[in-house]
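Subject: Structure for you to look at

Dear colleague,

Please find the structure below, with my notes on what was found in it following directly after. I have tried to keep the notes in an order that you can follow with the viewer open.

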Amino acid sequence: MSKFSNKSLLLLLVALGAILGAIKYFDSQKGERNFRNELVEIDSAKVSTILIYPKSKKGEEVKLFKEGSGWKVKITDSKSQQVDSARITGLFKAIAGLKPTRLAARGSDKWKEFEVDTSGSRLVVKEGDKTTLDILIGKFNFSGGREVETLVRLSGEDETYAVNGFLDGTFNTGIDSYRNKTIVKGNKDNFTKLTFALSDTMRYSLEKRDSVWFVDGATSANTTELENYLSTISALNATSFIDDVDASGLSTPSHTLQIDDTQGNKINVEGFIQNNRKIIRSSQNADNLLNGEGVWEKVFADKFTFLPADTLTFTK
């Protein structure tokens, strides 16, 4: 009897194990993927146009188009500018990352909540006249603790998907984010001379000789202030543009800065004050007039900034 009971128990355990295994298998099959693996397949070499309608700009179109081997952004109907290749590479990387991780909703009842209706940003990718991708980019969530996901929906389809990443930071910016904001970009260690003309009241120079900087060739510069200035000016950008002023109509600049380096290169920065607005133009960014607010003093520094403290005390 004991032998029979043990045998029956063993058979029962085996049967239960088989049943549990079958249940687990079918459950895994059901939940494995009941939605598409890819939202789009794009050959970046064939893409000719990228249109972005950011919600932060109320859907104002950002048009990026390929010209030759480079990319440009449309500013107006008659004006366009080159886009940095790294910016375009980042866009294609984000587009390639549009792979669903889960199905967030099947119907339109969640569109508004997920911001994949007309309230979200929109991305359109074209290969010539063919639209390869048309997608709505909605709100983002934190999944699994610190992981960020974005909710998206293909235009013309009902389903909303979650994809990895914070797409709002990539596709919710306006035209200016694709333009060149450079005032000065260079290696401060290669700078040898900076020549300033500040209105009609002050002209001076900073010059490096044998690794030592001098003000007007005679007074040793305040090394702390000079280092701070060089660190700032060597990678300085404006924050916005001035597009309603004709560059050809600008008068003689009231402020100028010329930077010479060890390679014989010269960077020229000009400052204009027009209608109480500060306008900056750089030889490194000749296509743009830049808004000088917030950066004017960082470029056109006062001579006394660089004088040693004991000199200033004596002068006072």
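Phe-306 has a relative accessibility of 0%, so this residue counts as buried. Please keep in mind while reading that the model is a predicted one.

Phe-306 belongs to a cluster in which ring pairs also link Phe-196, Tyr-204 and Tyr-229. A search of the whole structure finds nine aromatic pairs, and the rings of Phe-196 and Tyr-204 make a stacked one, because their centres are 4.5 Å apart and their planes stand at 5 degrees. Both of these residues lie out of reach of the probe for the most part: Phe-196 counts as buried at 1% relative accessibility, and Tyr-204 is likewise buried, with a relative accessible area of 3%. The rings of Tyr-229 and Phe-306, by contrast, form an edge-to-face pair, because their planes stand at 80 degrees, with the centres 5.3 Å apart. That pair links distant parts of the chain, since Tyr-229 sits in helix α5 while Phe-306 sits in the loop between α6 (296-299) and α7 (309-315), 77 residues apart. Tyr-229 is buried as well, at a relative accessible area of 7%.

The surroundings of this cluster are easiest to follow from the strands. Strand β11, residues 191-198, pairs with strand β12, residues 202-209, in the antiparallel sense and over six bridges; within this pairing, Lys-193 stands opposite Glu-207 of β12. Helix α5 (residues 223-233) packs on the sheet, where it touches β11, β12, β13 (212-215) and β16 (255-261), and the direction of the helix makes about 90 degrees with that of β11.

The sheet in question is an open one of eight strands with antiparallel pairing, and its order reads β14-β13-β12-β11-β16-β17-β18-β19. At its edges stand β14 (219-220) and β19 (290-291), and because each has a single partner strand, one side of each is left without a neighbour in the sheet.

Further along that order, strand β17 (residues 266-274) and strand β18 (residues 277-282) run antiparallel and are joined by six bridges, with Ser-282 in β18 as the bridge partner of Val-269. The hairpin of β17 and β18 has two residues between the strands, and Asn-275 in this hairpin takes a positive phi near 50 degrees. Strand β18 is in turn joined to β19 by two bridges, again in the antiparallel sense, and Asn-291 in β19 is the bridge partner of Ile-279.

There is also an open sheet of nine strands, with antiparallel pairing, in the order β4-β3-β2-β1-β6-β7-β8-β9-β5. Its edge strands are β4 (79-83) and β5 (100-105), each of which pairs on one side only, and the twist from one strand to the next averages 30 degrees. Within this sheet, seven bridges join strand β7 (residues 130-143) to strand β8 (residues 147-154), and the two run antiparallel; Phe-142 stands opposite Val-148 in β8.

Two arginines placed over aromatic rings may be worth finding in the viewer. Arg-153 lies over the face of Trp-111, at 3.5 Å from the ring centre, and Arg-209 lies over the face of Phe-214, at 4.2 Å from the ring centre.

What, then, is the relative accessible area of Lys-112? The value is 69%, and because exposed means over 50%, this lysine counts as exposed. Lys-112 has its place in helix α3 (residues 111-114), and its C-alpha lies 10.0 Å from that of Lys-139, although the two lysines are 27 residues apart in sequence.

For the chain as a whole, there are seven helices and 19 strands, and 38% of the 316 residues count as buried. Of the contacts in the chain with a separation of 6 or more, 58% are made by residues 24 or more positions apart. The accessible surface comes to about 18300 Å², and 50% of that surface belongs to carbon and sulfur atoms.

With best wishes

How values were computed
Residues numbered from 1 in each chain as written. Predicted model: local features only at pLDDT ≥ 70, side-chain atom pairs only at ≥ 80, totals over all residues. Heavy atoms only, no water. Pairing = 2+ DSSP bridges. Helix = DSSP H or I, 4+ residues; strand = E, 2+ residues; numbered from the N terminus. Contact = heavy atoms within 4.5 Å. Axes fitted to C-alpha atoms, helices over the stretch in contact; angles between N-to-C directions. Phe/Tyr/Trp six-rings, centres within 6.5 Å; stacked < 30°, edge-to-face > 60°. Buried < 20%, exposed > 50% of the residue type's maximum accessible area, 1.4 Å probe, protein only. Lys NZ or Arg CZ within 6 Å of the ring centre and 35° of its normal. Areas by Shrake-Rupley, 256 points an atom, 1.4 Å probe, with all protein chains shown as cover.
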